[in-house]
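Hi,

Here is the structure I promised to pass along. Please have it open while you read, and I will go through what turned up.

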Amino acid sequence: MDRLAPARRPAGPNAGTQRWRDLLFVHYDVPPELVRPLVPRELELDLWQGRCLVGVVPFAMFGVRPRWAPFGFDFLELNVRVYVHAGGRPGVWFLSLDAANPLAVWAARLGWGLPYEHASMQMKKRGDAIDYASRRRGPGARGAVLRASYAVGAPFGEARPDTLEHFLVERYLLFSKHRGALLVGQVHHPPYPVRHADLGPIEQTMLSANGIEGEHPIVSTLYSPGVDVEVFALRPL
């Protein structure tokens, strides 16, 4: 499987730009049989040494705008993601994406077919420490909550190919199912500058809200100050 090709910028103009900042990557080791029913049959689970890792990723987004718009939006986001591949192309399947901006939720659901939900969210920075809180709003909230505190740890630069860190963070393709069709989209950005994250108290029901019941161990906690991103249009797989 070629894990480097998706990082190359596609030809032509992008569909929009964003700035992702203060990303926390918390990964849980979940039995594949619990995750397989949550992913379309056209996609294969992308396992790390036989293990299915599910990411809970809270962060901040700035300057989110389509190419034609004169201004962008800033808001917090939290995604729950599974690693998949299609025809040897590695990417991400989002179980859910929570965002604090209802307009962004509406646009992403309508235009991209992504499972966005509106949430009340807060992020507070205290030097090298960050507190993040999210609670999904609305009748379909199903108790989807995250409260996490962590400290930014030591840097180790860019994630090297064939390492766990590269497998987890360097993902440039996303898959979506919209109106019955399986679509693929691509983002382009420099490699993440990665640091360790010293995770403190964490309370989350994001896995169970997405149909993954039970307790599952955390196997990795990483942090990145962020990257500037180009977003390219979805197309049929």
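Below are notes on the pocket, the cavity, a surface patch and two residues of one strand.

Before anything else, please keep in mind that this is a predicted model.

**Pocket and cavity**

You will probably want to start with the open space. The largest pocket has a volume of about 1000 Å³, and 44 residues line it. Nearest its centre are Q18, V64, A108, W112 and V231. Two or more lining residues come from each of these elements: strands β1 (16–30), β3 (52–66), β4, β5 (89–99), β9 (173–178) and β12 (218–236), together with helix α2.

As for enclosed space, how many cavities of 30 Å³ or more does the structure hold? There is 1. The largest cavity has a volume of about 70 Å³, and its lining is made up of R3, P6, P90, H166, F167, E170, R171 and Y172.

**Nonpolar patch**

On the surface, F71, F73, L103, W106 and L110 make a nonpolar patch of about 540 Å². Which element gives the most to this nonpolar patch? That is helix α2 (residues 102–112), with 3 residues. Helix α2 also appears among the elements lining the largest pocket.

F73, another member of the patch, belongs to strand β4, which covers residues 73–86. Its relative accessible area is 33%, so F73 counts as partly exposed, a class that runs from 20% to 50%.

**H85 and A86 in strand β4**

Strand β4 also holds H85 and A86. Are these two buried or exposed? Both are buried: H85 has a relative accessibility of 18% and A86 has a relative accessible area of 9%. The cut-off for buried is under 20%, so each value falls within that class.

Their surroundings are worth a look in your viewer. Leaving aside neighbours within four places in sequence, H85 is in contact with M1, L43, E44, L45, D46 and P90. P90 is also one of the residues lining the largest cavity. With the same neighbours left aside, A86 is in contact with L43, F175 and L237, and L43 is thus found in the contact lists of both H85 and A86.

One further pair to pick out is A86 and E44: they are 42 residues apart in sequence, yet their C-alpha atoms are 6.3 Å apart in space.

Happy to talk any of this through whenever suits you.

Best wishes

Conventions. Residues numbered from 1 in each chain as written. Predicted model: local features only at pLDDT ≥ 70, side-chain atom pairs only at ≥ 80, totals over all residues. Heavy atoms only, no water. Patch = residues over 30% accessible without salt bridge, like charges linked within 9 Å, V, L, I, M, F, W, Y side chains within 5 Å. Areas by Shrake-Rupley, 256 points an atom, 1.4 Å probe, with all protein chains shown as cover. Salt bridge = Lys/Arg side-chain N within 4 Å of Asp/Glu carboxyl O. Helix = DSSP H or I, 4+ residues; strand = E, 2+ residues; numbered from the N terminus. Buried < 20%, exposed > 50% of the residue type's maximum accessible area, 1.4 Å probe, protein only. Contact = heavy atoms within 4.5 Å. 1 Å grid on protein atoms, 1.4 Å probe; cavity = no way out; pocket = protein on both sides within 12 Å on 5 of 7 lines; lining within 4 Å. Points joined across faces, edges and corners; volume = space filled by probe spheres on them.
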